[in-house]
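Colleague: I am new to this structure and should be grateful for a guided introduction. May I put some questions to you once it is on display?

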Amino acid sequence: MGFVDLSIGEQAFFNISKSRTPPVEGAHINVSVRAEAYRDKVANVSPASGPPIIQSENDARDAWLERLPGSSDLTDEFSFGQKAEMCRAAFDVALASTVTIDNGGKLHFDYTRALTAIDVDSSGRVQRSGVSGLNTDALATAARQINLRGLAGLFVVDLEGAPKGEKAKGLAAQFETKLKALTGRTVRVLPPSAFGLIEATVARREKPLFEFATETCSAERLTLEAFLSAMREALTLAESDRSAFFTLKTSVALTEYMKQTAFDWQGELKARTGGRIKWEPLNKTGLDYQIELI
């Protein structure tokens with residue numbers, strides 16, 4: 001095992017097989033990332049012979065979106081604004097500690113240093129004929145959330161009740177199949193214990209979403225976030241009062257971004273509000289914006 005200093009300023013470790021000659025200390029080598037840094041764990045890399053490939057932020061975002069269930073439904077019939085709202089909704093769900101289970105009920109996520117605990121809660125669920133059981137729906141929802149959130153490592157799911165026998169084995173098999181299909185990683189799931197706890201492990205590859213903070217985003221990403229926030233707020237106000245007219249005022253930096261973006265956001269606003277939102281520059285620094293009633 002050896003350590004390398006990455007060009008981004010972080011350290012990473014790698015394993016060298018006995019058949020390969022370890023790199024000389026101080027030498028410059030190219031590596032591929034097998035698993036991103038996670039909490040206090042450094043990244044895991046392997047030496048690469050090819051040239052470095054740097055993925056842009058937009059490509060990384062698109063790759064993440066393509067992994068989401070239902071991503072194929074995001075066809076060209078959806079506008080930029082609609083896709084942005086869908087993406088924002090997905091992030092909101094991915095960062096929530098509680099999510100709704102299909103057909104009712106809730107999942108509660110609790111992250112600890114050693115594992116991720118997921119509690120199945122039957123609150124608000126009314127069992128109906130022809131609807132799958134709570135634990136079946138809960139594990140399907142948990143698998144989607146694990147993929148959406150980029151989670152890995154050890155998971156403990158506290159099921160409703162304590163399934164036994166073939167039913168318990170079936171739940172474990174279902175959970176493992178879902179996790180493998182969605183994450184594409186090495187997965188292992190154990191049958192529920194006598195206490196109704198089902199354990200699973202998912203190989204680590206990417207940093208989970210909850211570790212990303214707004215202040216660590218690139219300047220381009222922060223500007224995009226401010227732009228989308230301004231668009232959402234302006235549309236919300238216009239839709240809440242369909243007879244009112246508004247002025248959207250944007251700071252110097254945000255105005256420059258909106259002038260250069262290839263997206264026809266002015267056409268989008270006009271189509272959705274009938275031209276009731278006007279745009280003016282605001283003599284302010286940063287990424288501020290104001291929406292005023294005319």
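Modeller: Before we begin, one term is needed: a contact means that heavy atoms lie within 4.5 Å. Please note also that this is a predicted model.

Colleague: How many helices and strands are there in the protein?

Modeller: The protein has 294 residues, of which 34% count as buried. Its secondary structure comprises seven helices and 13 strands.

Colleague: Which residues in H6 meet H5?

Modeller: Helix H5 covers residues 219-240 and helix H6 covers residues 252-260. From H5, the residues Thr223, Leu224, Ala226, Phe227 and Met231 take part. Their partners in H6 are Leu254, Tyr257 and Met258.

Colleague: Are H5 and H6 roughly parallel or roughly perpendicular?

Modeller: Two packed helices are described by the angle between their axes and the distance between the axes. For H5 and H6 the axes are 10 Å apart and the angle is about 85 degrees. Angles of 65 to 115 degrees count as roughly perpendicular. H5 is therefore placed, relative to H6, as roughly perpendicular.

Colleague: How are H5 and H7 arranged, and which residues of H7 make the contact?

Modeller: The axes of H5 and H7 are 10 Å apart, at an angle of about 15 degrees. The two helices are therefore roughly parallel to each other, and H5 passes H7 in a right-handed crossing. On the H5 side the contact is made by Phe227, Met231, Leu235, Ala238 and Glu239. On the H7 side it is made by Trp265, Leu269, Arg272 and Thr273.

Colleague: Which kind of aromatic pair do tryptophan 265 and tryptophan 279 form?

Modeller: The structure holds three aromatic pairs. In the pair of tryptophan 265 and tryptophan 279, the ring centres are 4.8 Å apart and the planes stand at 85 degrees. Planes over 60 degrees apart count as edge-to-face. The pair of tryptophan 265 and tryptophan 279 is therefore edge-to-face.

Colleague: Which parts does that pair tie together, and how many residues apart are they in sequence?

Modeller: Tryptophan 265 belongs to helix H7 (residues 265-273), while tryptophan 279 belongs to strand S12 (residues 277-281). The pair therefore ties together parts whose separation in sequence is 14 residues.

Colleague: Is tryptophan 265 buried or exposed?

Modeller: Buried means under 20% relative accessible area. Tryptophan 279, at 25% relative accessibility, counts as partly exposed. Tryptophan 265 has 3% relative accessibility and therefore counts as buried.

Colleague: Which residues do ring pairs link into a cluster?

Modeller: Two members, Phe227 of H5 and Tyr257 of H6, also take part where those helices meet. Ring pairs link them with the two tryptophans just discussed. The cluster thus named is Phe227, Tyr257, Trp265 and Trp279.

Colleague: How do H3 and H4 pack, and what is the handedness of the crossing?

Modeller: Helix H3 (residues 134-149) and helix H4 (residues 165-183) have axes 9 Å apart, at an angle of about 25 degrees. H3 is therefore roughly parallel to H4. Residues that meet include Leu139 and Ile146 in H3, and Phe175 and Leu179 in H4. The crossing in which H3 passes H4 is right-handed.

Colleague: Over which ring does arginine 149 lie?

Modeller: Arginine 149 is at 4.1 Å from the centre of the ring in question. The face over which it lies is that of phenylalanine 109.

Colleague: Which residues does alanine 117 touch, leaving aside those up to four places away in sequence?

Modeller: Alanine 117 is found in strand S7 (residues 116-121) and is partly exposed, with a relative accessible area of 26%. Its C-alpha is 6.0 Å from that of valine 157, although the two are 40 residues apart in sequence. The residues touched by alanine 117 are His108, Phe109, Asp110 and Val156.

Notes:
Residues are numbered from 1 along each chain as its sequence is written. This is a predicted model: local features need pLDDT of at least 70, side-chain atom pairs count only at pLDDT 80 or more; totals for chains, interfaces and linings use all residues. Side-chain values use heavy atoms; hydrogens and water are left out. Rings of Phe, Tyr and Trp (its six-membered ring) pair if their centres lie within 6.5 Å; planes under 30 degrees apart count as stacked, over 60 as edge-to-face and the rest as tilted. Helices (H or I, at least four residues) and strands (E, at least two) are DSSP runs, numbered from the N terminus. Buried means under 20% relative accessible area, exposed over 50%, partly exposed in between (1.4 Å probe, protein chains only). A charge sits over a ring if NZ of Lys or CZ of Arg is within 6 Å of the ring centre and within 35 degrees of the ring normal. Axes are lines fitted to C-alpha atoms, for helices over the stretch in contact, and angles run from 0 to 180 degrees between N-to-C directions. Angles under 35 degrees count as roughly parallel, over 145 as roughly antiparallel, 65 to 115 as roughly perpendicular and the rest as oblique. A crossing is left-handed if the near helix is turned anticlockwise from the far one by less than a right angle, and right-handed if clockwise.
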